[in-house]
Amino acid sequence: MRAGRGHVGVVGAVVLAALLMGCAAGDHEADAQRQAEEQARARLTEVTGAIARQRPLEADEFGRLVTGREGVDLMSLDGTTRQDGNGVSLVVRVRGEALVLDWNGSESARAEVTLCHRLGYRPDDRVDPVTEVDCPPTAPITPRPAPSLPSGTDERLRRALPTGPAATEQSVGAAVDRLRLDPRIRRDVATADGAVGLALREGRRGSCLLARVVGDRVEVWRPPTVLMQPGELTCDGRTAALGLGQRDPS
């Protein structure tokens with residue numbers, strides 16, 4: 001009888017241990033799932049926070065704030081600018097991963113989570129509620145890179161801009177047309193104090209290139225970034241015509 005009871009006791013202990021291990025494994029799987037979801041949602045919060053801080057306007061600007069982040073993909077991008085039509089909407093895919101270890105450092109549970117959300121930014125600074133959606137079956141997309149002035153643009157301007165009586169706002173604009181720059185490069189031409197000024201900017205927030213024609217002389221310069229902050233100089237033709245922001249005029 002004692003042997004029988006001992007055998008039953010051993011079997012019971014084994015069954016109890018198996019139940020406890022099963023419960024522990026279940027707990028670890030739940031922990032891994034929860035941690036993976038938290039990481040995915042944290043990555044989404046990083047995206048929405050970056051958009052709120054930087055306040056992009058054009059659709060490509062929104063897209064560039066999404067791409068390049070670990071565990072984040074841009075799945076769709078609709079609209080032109082935040083202020084046109086229905087604004088800009090995008091679907092963002094975020095991934096989260098988690099690994100839970102047991103008491104001796106061995107892998108106990110692993111989880112991966114993929115979530116997709118639609119973000120909408122409308123005219124008049126209206127923002128749609130973040131909505132979870134089904135992930136599109138298509139591959140992630142890449143927005144266009146920010147517009148940039150080609151290397152050597154400064155020297156090309158020096159050679160291309162007309163001088164003397166031939167220098168007018170129209171002729172300066174025509175000379176820039178012949179350079180065939182990215183059409184997204186913003187330009188402005190103005191006349192002030194007998195000079196014709198030209199401003200070229202790489203999008204809304206890119207670097208600024210200024211030039212002016214004074215008599216038979218062409219000056220081209222890039223004003224220091226510190227001078228182009230809000231409340232300081234403006235990247236426009238009048239600033240260029242007045243020769244403002246010259247650090248090393250040429």
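Which cysteine forms a disulfide with Cys116? Hold that thought for a moment, everyone, and thanks for coming. One word of caution before we start: what you have in front of you is a predicted model.

Now, back to the cysteines. The partner is Cys135, and the sulfur atoms of Cys116 and Cys135 sit 2.1 Å apart. If you look along that link, you will find 110 degrees about the S-S bond, which makes the link right-handed. The pair connects distant parts of the chain: Cys116 belongs to strand S3, residues 107-122, while Cys135 is in the loop between S5 and H3, with 19 residues separating them in sequence.

Are the two ends buried or exposed? Cys116 has a relative accessibility of 1%, so this cysteine counts as buried. Cys135 comes out at 33%, so this one counts as partly exposed.

While we are in that loop, let me point out a neighbour. Thr138 is also found between strand S5, residues 131-133, and helix H3, residues 153-160. Thr138 is partly exposed, with a relative accessible area of 47%. What I like here is the partner across space: Thr138 and Met75 are 63 residues apart in sequence, yet their C-alpha atoms are 7.4 Å from each other.

So how many disulfides do we have in total? The count is two. The other one joins Cys208 to Cys235, again with 2.1 Å from S to S. This link is right-handed as well, with 90 degrees about the S-S bond. Cys208 lies in strand S8, residues 208-214, and Cys235 in the loop between strand S9, residues 217-221, and helix H5, residues 237-241, so the bond ties together parts that are 27 residues apart in sequence. Here both ends are buried: Cys208 has a relative accessible area of 5%, and Cys235 has 14%. If you number the bonded cysteines in sequence order, the pairing reads 1-2, 3-4.

Strand S8 brings us nicely to the sheet. Please find the open sheet of four strands, in the order S6-S7-S8-S9, with antiparallel pairing. Its edges are S6 and S9, each of which pairs on one side only. From one strand to the next, the twist averages 15 degrees.

Let's walk across. S6, residues 186-192, and S7, residues 195-201, are antiparallel and share seven bridges. One bridge to pick out is Thr191, whose partner in S7 is Val196. The hairpin of S6 and S7 has two residues between the strands, and Asp193 there takes a positive phi near 55 degrees. Further along, S8 and S9 also run antiparallel, joined by five bridges. In that pair, look for Arg212, which stands opposite Glu219 in S9.

A quick reminder as you step along any of these strands: in a regular strand the side chains alternate between the two faces of the sheet.

Last stop, the helices. Which strands does H3 lie across? H3 lies across S7, S8 and S9, and runs at about 165 degrees to S9. Helix H4, residues 169-177, lies across S6 and S7, at about 155 degrees to S6.

To pull the tour together: two disulfides, an open sheet of four strands with antiparallel pairing, and the helices H3 and H4 lying across strands of that sheet. Thanks for listening, and I am happy to go back to any of these residues on the screen.

Note on methods. Residues numbered from 1 in each chain as written. Predicted model: local features only at pLDDT ≥ 70, side-chain atom pairs only at ≥ 80, totals over all residues. Heavy atoms only, no water. Buried < 20%, exposed > 50% of the residue type's maximum accessible area, 1.4 Å probe, protein only. Pairing = 2+ DSSP bridges. Disulfide = S-S within 2.5 Å. Axes fitted to C-alpha atoms, helices over the stretch in contact; angles between N-to-C directions. Contact = heavy atoms within 4.5 Å.
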